[in-house]
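These are my notebook entries on a structure that I wanted to read piece by piece. I wrote down each thing I looked up in the order in which I came to it.

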Amino acid sequence: MSYISLSPKDKKEMLKLIGVSSPQELFDSIPDDIKLNRELKIPKAKTEPEIIEYFNQKAHKNKNSEYLSFQGAGAYPHFIPAAVDYLSSRGEFVSPYTPYQAEVSQGTLQVIFEFQTLMCQLTGMEISNASLYDGASGTAEAVLMANRINRKSKVLIPKTLHPHYREVIQTYTKNLGLDIQEIKYDESGQINLEDLKKHLDEGTCAVLCQSPNYFGVIENADKISSLAHENKALSVVVVTEASSLGLLKPPGEQGADIVTGEAQSFGIPLSFGGPYLGFMACQKEFLRQFPGRISGETQDVDGNQGFVLTLSTREQHIRRERATSNICTNQALCALRATIFLELLGKNGLKQWSWQNLQKANYALGLLKNIKGVKSRFSGKIYNEFVVQTDKDWEEIEKPLMKKKIIPGISLKKYYPELKNCGLVCVTEVTQKKDLDRFAEQFKGILSA
Amino acid sequence: MNLIRERLIFEVSDEGKKGFIFPELDVPENKNLTDSIPVREDIKDFPQVSEVEVVRHFTRLSQANYCIDKGIYPLGSCTMKYNPKINEKVAQFKNFVSAHPHLDPKICQGSLEILNELEDRLTEITGMKAFTFQPSAGAQGELVGMMLIRACLEDRGDPRKFVLIPDSAHGTNPSSAHICGYKVKEIKSNESGTVDLEDLRKNMNQDVAAVMITNPNTLGIFECQIKETAEIVHSQGGLVYMDGANMNALMGICRPGDMGVDVIHLNLHKTFSTPHGGGGPGAGPVGVQQVLQPFLPVPRIKQKGGHFSLDENYPKSIGRVQGFYGHFLVAVKALAYILSLGPDGIKEASETAVLNSNYIRKSLEKEYHLKYKAPTLHECVFSDKYQKKHNISNIDIAKRLIDLKVHPPTMSFPLIVHGALMTEPTETESKADLDLFIDAMKQIDKESKENPDVLKSAPHESYVRRLDETKAAREPKLRWKS
Amino acid sequence: MYPEDFRYTKDHEWVKVEGDKATVGITDFAQNQLGDVVFVELPAPGDELEAHQTLGVVESVKAVSDVYSPISGEVTEVNEGLNDDPEILNQDPHKKGWIIKIKVKDESELEDLMTASEYEKYLEGLDEEE
């Protein structure tokens, strides 16, 4: 398949105007001893029907649609309304570049402006950016931002923050001389406040808090923000399940200085891990240290409302080595999907959605708790994920359940060896009661075997 | 354009309008669940609109965008080539789209195979030995590249302090180096626009970790002394990072791996046709030579007897840079592109990109000043020097191009050319569309002499006219409020 | 155009010396190059500066520029007005748009700087280079 639009006649005319006899002459500036001088060893070109066949074969090797799944942990299965795919596949949204020429990019810029507004409304913060790559790198950016703001180097990170996020923070900060300290969790599954107080002092840069946390437990973000502020530290709240913002008290009303996390739940499919939609919001006073693109409102010469990328002097293409971040792009198309999704659901849809997540997960937890040999591992209140502990190793439950085409959740052994009999179970609005009942039945069957 | 100015959704929202609804709750409802958790009150001013209003809103907004599907988009350094629709289609296959990243490798072999296959194709095209797909964009790819270099040198016991970067480099280069804890030293370009080898020799020593080069450079000029550059750096124990943003000039013609490059990042959304999406998601995979392999991010894909698994057992790895494996769906599109073109098509793409760019260059070299006279490949950088005599700047030229229904080239970059107009048509443009751009530029040059006011007040016929960026920065309004 | 009693640097700063006190700003050429100024990062009174050291940053919509101190000394005053009205730097860079006042530490440093006519010649040279 070729996407060249020149006829042989066109080529001849163009070569003549340039003054060469073949396109190869245009590469004379490349030394001969560097040139490849052989054909690339890649398969011969495929036509469209062959491409479809090729990828069909690959798709068949993925068996995920045969399973009833309860996997969450940073990536959440949610329903996506039909209009989201329909609108976000328009060529005018898919094929333009970053809106640097604002006059011909008002569609993209207004979408971003609406996205920023929605994220402010949901998080209760004053400013939002146009999105970041994903929740994990967004959280790392938030740590870097906190350090730029108060120049302190001790950052307190709870074990209840998603393990991948913690790893990414380590990767990003290891060359910058920060002192990352881990805070334990307690029997409620929340941040251990005593341990936090032990580590907190006026040398603390920031305290991170994920809510709902990796165990699905809702944290007392208000209390944690207060403790941070008492020590002149910043409070960074992380949200990996964005649908929770429809139900829970917004981090902005719980003392957060920076809110960051993952908005994949807003209309972005699981996609085997990407592309996703990181987001960040902060209070006004931190604007100059805020990373990422921002769309701002302004006027044109006729006084009409318009939007432009603004405050670009924070960004890499101008500040170069003094940039607030090296981030060059955002996830515009994913932010578009999220904006369409949120505007379709509206206030009432959002409320209904998050309510169902809360109800179904707690229902499922109730069913599992009633099984002999199963316990709810933590006493804290949950949103749509929870940890169950059984008297068998999680693998011994997972294997037979997989044979019944059920994926019961995620083993915690790898990142929490002390929780090796535990699994993290996620229930969203997509799972029907009959499947929840079936899951509990099968679970029970395996434990009594 | 005769479009109705689209209002913000919040301005058409009203209490009680019905939007999307979910099925009724099918489990017994427990109202007490919210007794002891902090719940929100109302979400103030959150929109309430109907689906009809949402569909019209976004349809009209989309029509206010220029896009590749409408016409030529000659943004230098961005490689705005056509986005094939078959790539979109295969990326929407159910088993790709709905695959959870935590799936047991046994039941997602298809996805793992795709990433593995793309790695094979990219190593062949670039001459590198291995790739990671975790970086979400070129800038993050650069950061990873620099982290790999640092990890490698630290492993040798000497991370060093400096990184050398040409003055023509993209802004992400120095900022990535900085985040890795390096100090940046600028090396000069010579009168041909390429790296000044003497300046490099002067600055290269055992305190320098790496040089970051772009090839062809941001002027579109091939760094013909790249091998010598690599030798100078390697002889002092340093490494060579290549910004692969301009790979579209080289595919099938020469390979970075054969030029002494140790690590490269690619932009799938540039060279490999995946859509820009108005600013993402792209993907910035990083390719390395053997020396840097042990440090690649984990998890990595391992193959054993036709079966693929995920392996984190790389003790020297720099760790994780993304939540999961990178932009999988973008990788699907890039692989579909490579398979669609095959070896002949890939080479033809680069050859035609260079042909189209030189056609524009030759057609406009009388009207527009070219600071550097050296041969250029897939892009070239004009400046507004001639038009400046009539007080017309590159911004005015850009805004007038909008009236003439063409997207402007990249403005004001690279910094070493004052008033730059970096132009890159890519290989997918027809001669008619190239001529449209050329004629528009010629008309503007004429207008700069005969009727400069029409340029200064452009655009006239766009959805909005020239926007006040100063006001946006001095009085930031970053969200709607009731 | 360029006040006779100022001295100028290659990086387009000016300094006006009055006894043992000096005022520093950027030149009209600099503000023109930068475009509309949107933000100025100022040092604090009491900061010690060396000649050629960065004293602050001027940001316009499209560019960022370090401002270097022409001479060494202690900062005595900064132009707070620039925080609210950065456009003063564009409108009146040689008077109302002053950036800092500084105590002169070493008068001999002034000999390294250019006079008004030397600066004007320097600007002409830059123009030709393009």
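**Entry 1: the two domains of chain A.** I began with the place where two parts of chain A meet, and I found that 24 residues of domain 1 of chain A are in contact with 24 residues of domain 2 of chain A. I kept in mind throughout that this is a predicted model. On the side of domain 1 of chain A that touches domain 2 of chain A, two elements give two or more residues, namely α11 (332–369) and β12 (385–390) of chain A. Of these I noted α11(A) in particular, since it gives the most to that side of domain 1 of chain A, with 7 residues. I then sorted the residues on this side of domain 1 of chain A by class, and they came to 14 nonpolar, 7 polar and 3 charged.

To place the domains along the sequence, I looked up their bounds: domain 1 of chain A takes in 65–79 + 347–448, while domain 2 of chain A covers 82–340. The centres of domain 1 and domain 2 of chain A, taken over C-alpha atoms, are separated by 28 Å.

**Entry 2: chain A as a whole.** I next stepped back to look at the whole chain, whose secondary structure comes to 13 helices and 15 strands. The C-alpha trace of chain A spans about 85 × 55 × 50 Å along its principal axes. How many of the 449 residues of chain A count as buried? I found that the share is 61%. I also looked at contacts in chain A between residues at least 6 apart in sequence, and 72% of these join residues at least 24 apart.

**Entry 3: a crossover in chain A.** I picked out strand β3 (residues 154–158) and strand β4 (residues 179–183) of chain A, which pair in the parallel sense over 5 bridges. One residue pair to look for in the display is L156(A), whose bridge partner in β4(A) is Q181(A). Following the chain from β3(A) to β4(A), I passed through helix α7 (residues 163–173) of chain A, and this β-α-β crossover is right-handed.

**Entry 4: the contact between chains A and B.** I turned to the contact between the two chains, which takes 168 residues from chain B and 157 residues from chain A. Which helix gives the largest share of the side of chain B that touches chain A? The answer is helix α10 (residues 328–364) of chain B, with 22 residues. By class, the residues of this side of chain B divide into 87 nonpolar, 46 polar and 35 charged.

**Entry 5: the sheet of chain B.** In chain B I traced an open sheet of 7 strands with mixed pairing, in the order β1-β7-β6-β5-β4-β2-β3. Its edge strands are β1 (130–132) and β3 (183–187) of chain B, each of which pairs on one side only. From one strand to the next, the twist averages 25°. Within the sheet, strand β2 (residues 162–166) and strand β4 (residues 208–214) of chain B pair in the parallel sense over 3 bridges, and F162(B) has V208(B) as its bridge partner in β4(B).

I then looked for helices against this sheet. Helix α5 (residues 109–126) of chain B packs on the sheet, where it touches β1, β6 (263–265) and β7 (286–288) of chain B, and its direction makes about 125° with that of β1(B). Helix α7 (residues 172–179) of chain B lies across β2, β3, β4 and β5 (239–243) of chain B, and runs at about 175° to β2(B).

**Entry 6: an enclosed helix in chain B.** Why can I call helix α12 (residues 394–403) of chain B largely enclosed by the rest of the structure? The reason is that 8 of its 10 residues are buried; among them are I397(B), A398(B) and L401(B), and also K399(B) and R400(B). The buried residues of α12(B) pack against α11 (385–388), β12 (410–411), β13 (420–423), α13 (431–450) and α14 (452–456) of chain B. After α12(B) comes K405(B), whose phi is positive, near 65°.

**Entry 7: a sheet in chain C.** My last look was at chain C, where an open sheet of 3 strands has the order β4-β6-β7 and antiparallel pairing. The edge strands here are β4 (37–41) and β7 (64–68) of chain C, each pairing on one side only. Direction ignored, neighbouring strands of this sheet are turned by 20° against each other on average. β4(C) and strand β6 (residues 54–60) of chain C pair in the antiparallel sense over 4 bridges, and the bridge partner of E41(C) in β6(C) is V57(C).

Terms used: Residues are numbered from 1 along each chain as its sequence is written. Chains are lettered from A and ligands numbered from 1 in the order in which they are written. This is a predicted model: local features need pLDDT of at least 70, side-chain atom pairs count only at pLDDT 80 or more; totals for chains, interfaces and linings use all residues. A residue is buried if 20 or more other C-beta atoms lie within 10 Å of its own, exposed if 12 or fewer, and partly exposed in between; C-beta atoms are placed from the backbone. Two residues are in contact if their C-beta atoms, placed from the backbone, lie within 7 Å. Two strands pair if DSSP finds at least two bridges between them. Axes are lines fitted to C-alpha atoms, for helices over the stretch in contact, and angles run from 0 to 180 degrees between N-to-C directions. Ala, Val, Leu, Ile, Met, Phe, Trp, Tyr, Cys and Pro count as nonpolar, Asp, Glu, Lys and Arg as charged, and the others, Gly among them, as polar. A crossover is right-handed if, with the strands pointing away from the viewer, the path from the first strand over the helix to the second runs clockwise. Domain bounds come from an automatic or database domain assignment.
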